[in-house]
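Trainee: Can we walk through this one together? I'd like to go from the sheet to the charged pairs.

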Amino acid sequence: MRTCVHCVIARVVRLEAVAGGSDIRVGHGPPVTLPHAGGAIFRALRALVREARAAGDGPIKLRILDMPGWSRVEITATVRVGRGARVLGRAFDRHVAGTLEGGFLEGLA
């Protein structure tokens with residue numbers, strides 16, 4: 001089972017727009033899939049958007065950080081707070097726990 005992160009984000013944005021929430025802008029990026037249930041990712045991202053809305057005012061900018069070599073994919077939400085900005089995020093593992101025989105090297109430290 002693989003879940004498309006962009007599809008989940010689109011669903012969150014659509015539901016938040018129906019609920020009359022803030023303007024949400026999504027950054028461009030390559031397709032990302034994760035080996036997690038779509039419902040769990042959806043709930044985490046919906047909570048992230050609600051937390052961002054409560055933290056500041058104005059549009060919320062969502063971005064997917066998918067860096068080569070990282071063991072996780074991170075989704076950030078940036079919102080304006082006064083004269084600055086606040087960045088909130090959620091991270092999702094690229095693998096299912098217990099499925100990597102040797103693990104990642106950063107786990108050795």
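Mentor: Sure, and one term before we start: contact, or touching, means heavy atoms within 4.5 Å. This is a predicted model, in which local features need pLDDT of at least 70 and side-chain atom pairs count only at pLDDT 80 or more, while totals for chains, interfaces and linings use all residues. Residues are numbered from 1 along each chain as its sequence is written, and side-chain values use heavy atoms, with hydrogens and water left out.

Trainee: OK, which residues does Ile 9 touch, leaving out those up to four places away in sequence?

Mentor: Start with where it sits: Ile 9 is in helix α1, residues 5-18. Helices (H or I, at least four residues) and strands (E, at least two) are DSSP runs, numbered from the N terminus. Ile 9 and Val 26 are 17 residues apart in sequence, with 8.3 Å between their C-alpha atoms. Its contacts are Val 26, Leu 45, Leu 62 and Ile 64.

Trainee: Is Ile 9 buried or exposed?

Mentor: Buried means under 20% relative accessible area, exposed over 50%, and partly exposed in between (1.4 Å probe, protein chains only). Ile 9 has 4% relative accessibility, so Ile 9 counts as buried.

Trainee: What is the strand order in the open sheet of 4 strands?

Mentor: Two strands pair if DSSP finds at least two bridges between them. β4 (residues 57-65) runs antiparallel to β5 (residues 72-81) over 7 bridges, and β5 pairs with β6 (residues 84-93), also antiparallel, over 10 bridges. Pairing in the sheet as a whole is mixed, and the order is β2-β4-β5-β6.

Trainee: And which are the edge strands?

Mentor: Look for strands that pair on one side only. Those are β2 (24-26) and β6.

Trainee: Which residue in β5 is the bridge partner of Ile 64?

Mentor: We can check the β4 to β5 register with two pairs. Ile 60 has Val 79 as its bridge partner in β5. For Ile 64, the partner in β5 is Ile 75.

Trainee: Which glycine in the turn between β5 and β6 has a positive phi?

Mentor: Take the hairpins in order. The one of β4 and β5 has 6 residues between the strands, and there Gly 69 takes a positive phi near 90°. The β5 and β6 hairpin has 2 residues between its strands, and the residue with a positive phi of about 60° in that turn is Gly 82.

Trainee: What angle does the direction of α2 make with that of β6?

Mentor: Axes are lines fitted to C-alpha atoms, for helices over the stretch in contact, and angles run from 0 to 180 degrees between N-to-C directions. Helix α2 (residues 38-55) packs on the sheet and touches β2, β4, β5 and β6. Buried residues in α2 include Ile 41, Leu 45, Leu 48 and Val 49. With β6, the direction of α2 makes about 170°.

Trainee: On to charges: which residues are linked with Glu 16 in a network of salt bridges?

Mentor: A salt bridge is a side-chain nitrogen of Lys or Arg within 4 Å of a carboxyl oxygen of Asp or Glu. Glu 16 meets Arg 46 at 2.6 Å, N to O, and that pair joins helix α1 to helix α2 across 30 residues. Glu 16 also bridges to Arg 53, again with closest N and O atoms 2.6 Å apart. The network links Glu 16 with Arg 46, Arg 50 and Arg 53.

Trainee: Why does Glu 16 count as buried?

Mentor: Compare its partners: Arg 46 counts as buried at 18% relative accessibility, and Arg 53 as partly exposed at 25%. Glu 16 counts as buried because its relative accessibility is 2%.

Trainee: Last one: with which residue does Arg 72 form a salt bridge?

Mentor: Arg 72 is partly exposed, with a relative accessible area of 42%. Its bridge partner in β6 is Asp 93, which is partly exposed at 26% relative accessibility. The closest N and O atoms are 2.8 Å apart in the salt bridge of Arg 72 with Asp 93.
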